[in-house]
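Visitor: I would like a close look at one part of this structure. Please start from a single residue and work outward to what surrounds the ligand.

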Amino acid sequence: MTIRPAQLAGRKRRHIDVCLTEDVQHGGVTTGLERYRLPYNALTQTSLGEIRLATDFLGSGLCAPVLVGAMTGGAELSGTINRNLAAAAQELGIGMMLGSQRIMLDSALGEDAATSFAVRDIAPDVLLIGNIGLSQLTKSTLPDLVKALDRVGADALAVHTNPLQEAIQSGGDTDFSGSVTRLRDVSEALGYPILLKEVGHGLGAAAVASWSVRGR
Ligand SMILES: Cc1cc2nc3c(=O)[nH]c(=O)nc-3n(C[C@H](O)[C@H](O)[C@H](O)COP(=O)(O)O)c2cc1C
């Protein structure tokens, strides 16, 4: 069963509510960062004030190599969240990814949904990265993707791969066949820089290696 476009905004709102009201912290898995201890150099000759974190990424200057992760879009509250995040990104000089723009690709809902992704007016200088799922990429036309990116004033596109999430959520989009080939084709023709991300479990080394060897 595939989710109807009209249900997408409700599902996006539910994601936010779950994070706000339920216990979403993983019980057993940690980030692993607690295993690291950074060596301390008590005889440093560095002047902290001279350290520059600024960098260039995807053709934009960032004050620090930090991006706000893709989180939401499509529901009314998503718009408030995106605008707050965009204002913070603008003030800090860091980049920002929008949540999945899948809902914008629907002809009936696209215009309304676009409002919740509209942040350019308050974040004119931010590296803004649009977002679409790998599964939806396979089913979308190039002109529709470009239109969705143009509409929000994006500088680049992040494609998220989430087969596990799609498999376990009700109405998930579970057909990933041909998706990596499609990603390669779109990346060559899109006219926007494109990057691939996972949504919480990382891209496993074996998965990445298998595609870098096969190439397609
Ligand atoms: C409530 C919620 C909604 C998210 N929605 C999206 C989304 O629409 N698109 C996307 O690419 N990633 C989405 N993500 C994934 C995040 O961008 C990020 O990849 C994930 O939380 C892993 O972050 P970590 O690297 O800090 O663990 C969402 C995450 C959360 C918690």
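Visitor: In which helix does asparagine 82 lie?

Guide: Asparagine 82 lies in helix H2, which covers residues 76-92. The model is predicted, so every value here is computed from it. Asparagine 82 has a relative accessible area of 1%. The limit for buried is under 20%, so asparagine 82 counts as buried.

From there, go to a second asparagine. Asparagine 131 is 49 residues from asparagine 82 in sequence. In space, the two C-alpha atoms are 13 Å apart. Asparagine 131 belongs to strand S5, which runs over residues 128-133. Asparagine 131 is also buried, with a relative accessible area of 2%.

Asparagine 131 has a place in several parts of this picture. Its side chain makes a polar contact of 3.0 Å with the side chain of histidine 160. An N or O atom of the asparagine 131 side chain also lies 3.0 Å from a nitrogen atom of the ligand. Asparagine 131 and His160 are both among the residues around the ligand.

Now the rest of the ligand's surroundings. Lys12, Cys19, Ala70, Met71, Gly99 and Ser100 are among the residues there. Lys197, Glu198, Val199 and Gly200 are also included. Two backbone approaches can be added to the side-chain one. At methionine 71, a backbone N or O atom is 2.8 Å from a nitrogen atom of the ligand. At glutamate 198, a backbone N or O atom is 3.3 Å from an oxygen atom of the ligand.

Next, the cavity. Searching the whole structure gives one cavity of 30 Å³ or more. The volume of this largest cavity is about 40 Å³. Asn131 is one of its lining residues, along with Gln101, Ile132, Leu145, Ala148, Leu149 and Leu157. Strand S5 and helix H5 (142-152) are the elements that each give two or more residues to this lining. H5 provides the largest share, three residues. By class, the cavity lining holds five nonpolar residues, two polar ones and no charged ones.

Then the pockets. The largest has a volume of about 1200 Å³. It is lined by 38 residues, and those closest to its centre are His15, Cys19, Met71, Gln165 and Val199. Of these, Cys19, Met71 and Val199 also appear around the ligand. Helix H1 (5-21), helix H6 (163-168) and strand S7 (194-198) each supply at least two residues of the lining. The largest share is from H1, with eight residues. The lining has 14 nonpolar, 18 polar and six charged residues.

The second largest pocket holds about 450 Å³ of space. Its lining has 21 residues; Val180, Leu196, Leu203, Ala207 and Trp211 are the closest to its centre. Helix H7 (179-189), S7 and helix H8 (205-214) each give at least two residues to this lining. S7 therefore serves both pockets, since it also supplies at least two residues to the largest one. H7 gives the largest share here, five residues. This lining divides into ten nonpolar, eight polar and three charged residues.

Back to Cys19, one of the residues around the ligand. Cysteine 19 has a relative accessible area of 55%. The limit for exposed is over 50%, so cysteine 19 counts as exposed. Cysteine 63 has 49%, so it counts as partly exposed. The whole structure contains zero disulfides.

One backbone detail remains. Leucine 58 is not a glycine, yet it has a positive phi of about 50°. Leucine 58 sits in the loop between strand S1 (55-57) and strand S2 (60-62). Leucine 58 is partly exposed, at 28% relative accessibility.

To return to the thread: asparagine 82 is buried in H2. Asparagine 131 is buried too. The asparagine 131 side chain contacts histidine 160 and lies 3.0 Å from a ligand nitrogen atom. Asn131 also lines the largest cavity.

How values were computed. Residues are numbered from 1 along each chain as its sequence is written. This is a predicted model: local features need pLDDT of at least 70, side-chain atom pairs count only at pLDDT 80 or more; totals for chains, interfaces and linings use all residues. Side-chain values use heavy atoms; hydrogens and water are left out. On a 1 Å grid over the protein atoms alone, a cavity is a set of points where a 1.4 Å probe fits but cannot get out, and a pocket is an open set with protein on both sides within 12 Å along at least five of seven lines; lining residues have an atom within 4 Å of a point. Grid points are joined across faces, edges and corners, and a volume is the space filled by probe spheres set on the points. Helices (H or I, at least four residues) and strands (E, at least two) are DSSP runs, numbered from the N terminus. Ala, Val, Leu, Ile, Met, Phe, Trp, Tyr, Cys and Pro count as nonpolar, Asp, Glu, Lys and Arg as charged, and the others, Gly among them, as polar. A disulfide is a pair of cysteine sulfur atoms within 2.5 Å. Buried means under 20% relative accessible area, exposed over 50%, partly exposed in between (1.4 Å probe, protein chains only). A residue is near a molecule or strand if one of its heavy atoms lies within 4 Å of it. A polar contact is a pair of N or O atoms within 3.5 Å; within protein, one must be able to donate a hydrogen and the other to accept it, and residues adjacent in sequence count only if both atoms are side-chain atoms.
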